[in-house]
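Open the model in your viewer, and keep the selection box handy. We will go from one stop to the next, with a note on what to look for at each.

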Amino acid sequence: MKITIDKSLDLALSPDLAWAMLNDIEGVTACLPGAKITETIDETHFKGTVSVKLGPATVSFKGNIEIAERDAKARSLHIIGTGSDMGGTSGASLDLHAVVEATDGGSRLSGKSDVTVTGKVATFGARLMNSVSDVLLQKFFANLAMRAEALQAAQPLVATAATENVMSLPAAPAAPAAETNLNALALAWAVIKDFLANLFRRTKAT
Amino acid sequence: MNEIARDPAADLGRLERLEGIGCARKRREDPRFIQGRGTYVDDIHLPGMLFGIMIRSPYAHARIKSIDTSRAKAHPGVHAVLTAEDLKPFKLHWMPTLAGDVQAVLADGKVSFQNQEVAFVVAEDRYIAADAAEMVEVEYEELPVVVDPFKAMLPDAPVIRDDLAGKDVGAHGARRHHNHIFNWQIGDRDRTDRAFDAAAVTVSQDMLYPRVHPCPLETCGCVASYDAVRGDLTVWITSQAPHVVRTVVGLLSSIPESKIRIISPDIGGGFGNKVGVYPGYVTAIAASIVLGRPVKWIESRNENLTTTAFARDYWMTGELAADTDGRIKALRVKVLADHGAFDACADPTKWPAGMFHVCTGSYDIANAHVSVDGVYTNKFPGGVSYRCSFRVTEAVYLIERMIDVLAQKLGIDKAEIRLRNFIPKDKFPYHSALGLDYDSGDYTPALQKVMKAVDYDALRAEQAAKRADPDCPTLMGIGITTFTEIVGAGPSKSCDILGIGMFDSCEIRVHPDGSAIARMGTISQGQGHQTTYAQIIATEAGIPASVIQVEEGDTSTAPYGLGTYGSRSTPVAGAAVARASHKIREKARKIAAHLLEVSPDDMEFDLDQFRVKGDPARAKSMKEIAWAAYNNVPEGMEMGLEAVDYYDPPNFTFPFGAYLAVVDVLKATGEIKVRRFYALDDCGTRINPMIIEGQIHGGLTEGFAVAFGQELPYDEQGNVLGGTLMDYFLPTAVETPHWETDFTVTPSPHHPIGAKGVAESPHVGSIPCFSNAVIDAFAHLGVTHTGMPHNAYRTWQQLLALNIAG
């Protein structure tokens with residue numbers, strides 16, 4: 001099955017700084033609950049892992065991430081990821097277009113991604129996919145915003161370093177560990193809440 | 001049959017003792033099943049037995065870049081990890097299918113459907129095997145997926161079968177596209193087209209018979225045990241056709257059939273799912289030969305539902321031409337048949353769409369033409385008959401739906417239009433426009449009996465009143481089907497599997513004490529053969545059923561037979577039983593004559609004895625005759641009392657029925673309640689009325705499941721979305737409606753005891769009956785068809801579209 005996620009996030013960061021943050025693949029990945037980069041092959045190729053809880057099952061994917069296109073002028077990135085779970089029963093792929101735009105208050109990060117899953121995850125987890133990805137995304141954005149704040153605080157150090165090229169960022173404080181390790185109970189509750197809210201919405205609509 | 005007129009009252013005691021044809025004898029199988037004493041394949045435990053687990057592809061279409069088995073092989077307790085490379089030296093990485101295609105045993109370079117077999121792990125027990133299976137690392141490169149058979153036939157569609165590159169002729173003739181399997185046509189196209197051109201009225205309807213699965217309670221599995229010292233192979237297997245499996249295993253392994261023993265133990269339901277040979281069987285056998293130890297392989301539920309033999313997946317377009325009175329002039333049918341990634345259909349070799357050409361149904365249709373195209377898609381292989389004869393369910397669904405579409409167009413009552421088009425009784429034997437010879441039928445009294453039983457006119461009046469009331473919370477629908485089945489495959493002139501004619505067989509040995517053992521080439525999966533075959537012998541050879549042991553399923557003891565599916569056991573093997581019984585009886589006549597010192601012509605058979613004509617006091621019971629067969633036979637006669645019969649039927653048998661369903665659709669929720677279901681079946685001579693009723697209840701329940709809930713949908717990535725019992729509907733007593741059954745008796749003229757098949761009629765006949773009822777509920781709103789399954793969600797969508805929900 002395939003789900004399309006189209007979200008944007010306003011950041012209190014200059015577009016250049018936001019673009020720099022986006023290009024720090026390892027840093028951005030760390031904001032996604034359960035995800036991490038395990039190996040940097042070169043500037044555009046990485047290996048990583050993601051663990052996701054879908055209902056009673058935990059699925060750990062490992063795979064390759066490739067930056068297929070990087071347009072510094074437009075501040076846009078095209079990332080392709082493919083992976084399979086450790087047990088070999090599921091596959092997943094990600095096709096993400098992300099762009100940073102200037103806004104009055106700073107910048108806006110927009111991302112449109114197609115996530116495709118096959119195998120057991122699709123068979124058993126299809127019902128939960130949308131809810132789980134929504135919850136994951138909320139956490140991801142919260143973490144990203146936190147990272148942006150940290151960067152903003154460190155701005156004087158790096159503001160002048162903004163160039164067309166990807167700049168090296170100072171080590172931003174990592175997001176709190178409790179936030180990157182997805183709490184199973186919290187996730188379950190979020191999913192149930194989401195499900196109930198949906199039910200309620202539907203009842204009202206009819 | 002018996003030669004003398006009987007006095008029923010005087011014979012009652014002896015008849016009761018015999019428990020012959022017509023007796024509602026209790027099933028001999030049930031005591032062991034209800035006490036948990038059955039022996040299914042997973043109950044087989046052999047010393048030193050290992051367990052195998054299949055590693056399957058999560059992708060529907062992908063190239064295999066690498067398989068790393070090293071970590072799994074190093075895991076303690078693992079004995080082997082087989083891949084296609086390991087099977088190649090034995091030429092076991094591909095195997096023939098029943099449809100003349102080949103299928104990968106373990107993926108050879110690429111996978112073409114989700115859950116395709118990629119590697120096979122063999123370990124001490126199933127837990128170690130499951131752990132090790134997760135250690136096998138397979139690297140895939142995804143390829144574009146095609147799950148829609150129409151898209152599969154587009155010029156630039158992905159190539160599903162690289163191995164068929166350049167082959168423009170398949171097992172069933174020319175292929176016109178890389179994903180095309182065959183085109184099969186029957187009937188007179190020109191005449192049919194002309195009849196359509198000249199017709200006053202024509203109707204056309206597209207319909208999908210969705211992909212469903214027989215879903216037997218017991219999944220498929222086997223235990224393979226190769227004895228390297230003796231050089232023989234024994235395989236316990238959940239097979240509906242053990243002798244066919246033996247022949248296939250012999251072909252694949254080069255072991256002579258005499259050294260292969262296939263045993264089908266108790267089977268927990270088959271319904272067509274257990275006819276073929278699956279990769280797991282081949283890998284378990286290969287592993288046992290290589291390792292010299294018994295290897296067990298048992299499917300999980302998910303594996304069963306997503307890899308072994310589905311049914312249907314027929315995209316059909318039906319057209320009828322008629323006059324304004326609703327008299328049908330012609331039928332035209334086009335089918336796109338989705339066979340999945342390998343053509344593993346179970347059909348007679350000559351007929352790649354099985355007996356779909358029974359689609360003229362119970363109706364006298366002078367012109368007909370059918371064209372079926374088989375297509376490859378990235379879905380799992382199969383195309384078996386789920387509780388029906390080969391593709392008969394699809395055929396009956398098509399014609400029974402089309403008759404309703406025509407009736408709606410013309411505003412003719414749906415019972416009346418059937419009565420106008422029935423093949424009249426005096427036209428039997430009837431040669432259909434599509435070349436079948438219907439042996440017998442008497443349709444009008446059957447439908448009239450049903451209409452009377454349910455008070456059809458009152459039901460229609462109630463429906464009219466409800467339609468007139470806008471505040472009525474329900475829509476009422478009445479569905480009718482008057483179907484004809486074609487079962488008992490089949491005459492070897494038209495039916496074979498792998499070149500072997502579809503005869504069947506029976507061997508009877510009468511012991512000195514007058515008891516007997518009968519062995520058959522068929523195999524019961526719930527049909528009650530141990531009960532009913534004994535009843536045939538009881539009536540035809542005069543041996544009480546209670547002392548007859550019926551054995552099936554062991555190829556080393558049973559005579560060769562083609563197995564049990566397509567309602568063929570009674571029409572084919574049942575005939576062999578009757579004929580073998582007659583051979584016993586004729587030998588017994590000579591022995592009796594010898595004992596009484598009269599001419600055999602002066603003896604007459606009387607239930608359980610031979611007596612002298614005109615002198616009934618002088619008689620020899622079958623028990624006395626059996627004893628004499630071992631010590632005092634006429635000069636020149638062989639000792640013993642046994643017979644073998646191999647029966648090649650002259651024709652199919654054509655059971656029929658008239659079904660009526662009443663449903664209420666709740667406008668508020670889209671839920672559908674089956675208020676009433678009346679099923680009248682005519683299966684000719686009725687051997688055991690109680691077993692018939694049980695079989696009809698089972699078939700109706702499975703029909704209810706298909707009509708209202710079963711389907712295996714796919715998403716665009718080729719994920720099977722119905723592969724668990726969370727999604728795949730298996731009705732229990734809670735959901736199942738109440739069934740009312742009835743019968744008429746129109747014996748088959750060519751069958752030795754006049755019997756036809758019965759267990760599949762209720763499935764074949766009920767599914768279109770449910771659909772017709774549901775669609776009839778919407779008929780006054782202009783609806784001519786809605787797809788199955790008729791679940792609440794889909795019906796709710798229909799209500800919304802018509803703006804009548806709530």
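The tour below starts with chain A, crosses the interface and ends inside chain B.

**Before you click**

This is a predicted model, in which local features need pLDDT of at least 70 and side-chain atom pairs count only at pLDDT 80 or more, while totals for chains, interfaces and linings use all residues. Residues are numbered from 1 along each chain as its sequence is written, chains are lettered from A and ligands numbered from 1 in the order in which they are written, and side-chain values use heavy atoms, with hydrogens and water left out.

**Stop 1: chain A**

Colour chain A by secondary structure, and six helices and seven strands should appear. Helices (H or I, at least four residues) and strands (E, at least two) are DSSP runs, numbered from the N terminus. Walking from the N terminus, you will pass β-α-α-β-β-β-β-β-β-α-α-α-α. Of the 206 residues in this chain, 39% count as buried; buried means under 20% relative accessible area, exposed over 50%, and partly exposed in between (1.4 Å probe, protein chains only). Contact means heavy atoms within 4.5 Å. For contacts in chain A between residues at least 6 apart in sequence, 57% join residues at least 24 apart.

Now select residues 15-23 of chain A, helix α1. How many of its nine residues are buried? The count is eight, so the helix is mostly covered. Among the buried ones are A:W19, A:M21 and A:L22.

**Stop 2: a salt bridge in chain A**

Show the side chains of A:D24 and A:R147, which meet in a salt bridge of 2.6 Å, N to O. The term stands for a side-chain nitrogen of Lys or Arg within 4 Å of a carboxyl oxygen of Asp or Glu. A:D24 sits in the loop between α1 and α2 (25-31) and A:R147 in helix α3 (residues 120-153), so the pair ties together parts of chain A that are 123 residues apart in sequence. A:D24 is partly exposed at 22% relative accessible area, whereas A:R147 is buried at 10%.

**Stop 3: where chain A meets chain B**

Select the contact residues: 21 come from chain A and 17 from chain B. About 1,400 Å² is buried between the two chains, with carbon and sulfur atoms giving 50% of that area. Buried area here is the accessible area (1.4 Å probe) that two parts lose on being put together, summed over both. Which three residues of chain B supply more of its buried area here than any other three? They are B:P58, B:Y59 and B:Q717, with 31% of what chain B buries against chain A.

The rule finds zero salt bridges across this interface. There are, however, six residue pairs in polar contact, both residues at pLDDT 80 or more. A polar contact is a pair of N or O atoms within 3.5 Å; within protein, one must be able to donate a hydrogen and the other to accept it, and residues adjacent in sequence count only if both atoms are side-chain atoms.

**Stop 4: salt bridges in chain B**

Go to B:D313 and B:R211, whose side chains form a salt bridge of 2.7 Å, N to O. B:D313 belongs to strand β17 (residues 311-322) and B:R211 to strand β12 (residues 201-212), so this pair ties together parts of chain B 102 residues apart in sequence. B:D313 is buried at 3% relative accessibility, and B:R211 is buried at 2%.

Next, try B:E462 and B:K466, a salt bridge of 3.0 Å, N to O. Both lie in helix α14 (residues 456-468) of chain B, four residues apart, about one turn of the helix. B:E462 is partly exposed at 28%, and B:K466 is partly exposed at 25%.

Then select B:R14, B:R17, B:E604, B:D606, B:D608 and B:R611 together to see a network of salt bridges.

**Stop 5: two buried residues**

Is B:F390 buried or exposed? With a relative accessible area of 3%, B:F390 is buried, in the loop between β19 (367-376) and α11 (392-410) of chain B. Leaving aside neighbours within four places in sequence, its contacts include B:M355, B:F356, B:M502 and B:Y565.

Finish at B:E507 in strand β25 (residues 504-510) of chain B. B:E507 is buried at 14%, and a polar contact of 3.4 Å joins its side chain to that of B:R509.
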